[in-house]
Amino acid sequence: MPCKVKTFDELYTMGEELGSGTFGDVFKVTCRDTGKHYAMKKEERISEVSKPRRREEVKALSKCEHKNIVKYYDNFLDGNVIRIIMEYCPGGDLAKQIDKQRKLRKYIVHEVMLDWIFDLASGLDYLRQKKILHRDLKPANIFISHTKRTKRLKIGDFGLARCMNRYKT
């Protein structure tokens, strides 16, 4: 007898809205079993025309395993609602960080900037090797992940990504 697949609501609890974009809203969610936080991109009223686009996004994300790429965990398609579960980056996005620094009239520390440049270069090189075109790289799609000692940049939001090696997995 096959195992029953759990639904999103059985696995996660909804949290605060983290942002919204052209293709949906992003929420902080918590795993019911572990208490770990994730980001969930939710797109409602997904049409038959846009389903291949979402499949391409999930395909691109699921192919990536790199410290400078937002990690993909799972996805749920329930009727016309798709939910994509990804790594939660508590530092928000780079656009908000830039605005914050601008309002404070302070530059981002030189050493941090150099680390972030290397983070982005490393992530982009990885995508190149995987033959994935992001096609929407901008500060709002670059996220800040905190560790105990450092802030690391991660490339995210693969909503417009294209996998160039479509016939290879």
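## Salt bridges in the predicted model

The side chains of Lys-71 and Glu-65 are joined by a salt bridge, with an N to O distance of 2.9 Å. The model discussed here is predicted. In this pair, Lys-71 is partly exposed at 27% relative accessibility, whereas Glu-65 is exposed at 57%.

The structure contains 12 salt bridges. Side chains of opposite charge can pair when their charged atoms come close. Three of the pairs are set out below with the separation of their N and O atoms.

| Acidic residue | Basic residue | N to O distance |
|---|---|---|
| Glu-65 | Lys-71 | 2.9 Å |
| Glu-44 | Lys-42 | 3.5 Å |
| Asp-93 | Lys-96 | 3.9 Å |

The pair of Lys-42 and Glu-44 has its closest N and O atoms 3.5 Å apart. Lys-42 has a relative accessible area of 17% and is therefore classed as buried, since the class covers values under 20%. Its partner Glu-44, at 40% relative accessibility, is partly exposed.

A buried residue also takes part in the salt bridge between Asp-93 and Lys-96, where the closest N and O atoms lie 3.9 Å apart. Here Asp-93 is the buried residue, with a relative accessible area of 10%. The separation of 3.9 Å is counted as a salt bridge because the cut-off is within 4 Å.

Salt bridges also form a network in this structure, linking Lys-41, Glu-43, Arg-54, Glu-57 and Asp-157.

Note on methods
Residues are numbered from 1 along each chain as its sequence is written. This is a predicted model: local features need pLDDT of at least 70, side-chain atom pairs count only at pLDDT 80 or more; totals for chains, interfaces and linings use all residues. Side-chain values use heavy atoms; hydrogens and water are left out. Buried means under 20% relative accessible area, exposed over 50%, partly exposed in between (1.4 Å probe, protein chains only).
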